[in-house]
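Please work through the exercises below with the sequence and the structure at hand, and try each task before reading its solution.

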Amino acid sequence: MHTPKKLKNLALPAVLALAIFQGACGPADPTALTLTGLTPDKGSIYGNTTITLTGSNFEAGMTVNVGPNNCTSVNVVSPTEATCKTTAHAAGPVDVSVTSKIDTVVSSLPAAFTYGCLPPI
């Protein structure tokens, strides 16, 4: 990366702003939660479907949303696997997302789970 020669003459706030900007454009944080898949990908509109999520850097205290609703009984099995139970929702596809314990939505899969008219499991 090319650093302007006059960087040493910038005031400290400008140097900090440049450093923050450069960091924002760098590689993704390798320790961030990442959701890569789930099974099953469909369940009952009545909820209570246990889903297994796969990804990386899962941690105790994270939350899982299936559509707008929080999953219940979230259990982090390992840093790459977690389980939870869906809640009731109208029929149709919904996004699934994981949120870190500090309330930062980290990763989501669009239309990854479909609620249908299946009997409760």
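**Exercise 1: contacts and the core**

Task: find which residues Val66 touches, leaving out residues up to four places away in sequence.

Solution: With contact taken as heavy atoms within 4.5 Å, Val66 touches Ile51, Cys71, Thr86, Val94, Asp95, Val96, Phe113 and Tyr115. This is a predicted model, in which local features need pLDDT of at least 70, side-chain atom pairs count only at pLDDT 80 or more, and totals for chains, interfaces and linings use all residues. Residues are numbered from 1 along each chain as its sequence is written, and side-chain values use heavy atoms, with hydrogens and water left out.

The next step is the nonpolar core, a set of buried Ala, Val, Leu, Ile, Met, Phe, Trp, Tyr and Cys residues joined through side-chain atoms within 4.5 Å, where buried means under 20% relative accessible area, exposed over 50% and partly exposed in between (1.4 Å probe, protein chains only). The largest such core has 19 residues, and Val66 is among the five that touch the most other members, together with Leu53, Val64, Val96 and Phe113.

**Exercise 2: two positive phi values**

Task: state where Asn48 lies and where Asn57 lies, and whether each is buried or exposed.

Solution: Strands are DSSP runs (E, at least two residues), numbered from the N terminus. Asn48, whose phi is near 65°, lies in the loop between β2 and β3 and is partly exposed at 37% relative accessible area. Asn57, with a phi of about 60°, lies in the loop between β3 and β4 and is partly exposed at 27%.

Definitions and conventions. Helix = DSSP H or I, 4+ residues; strand = E, 2+ residues; numbered from the N terminus.
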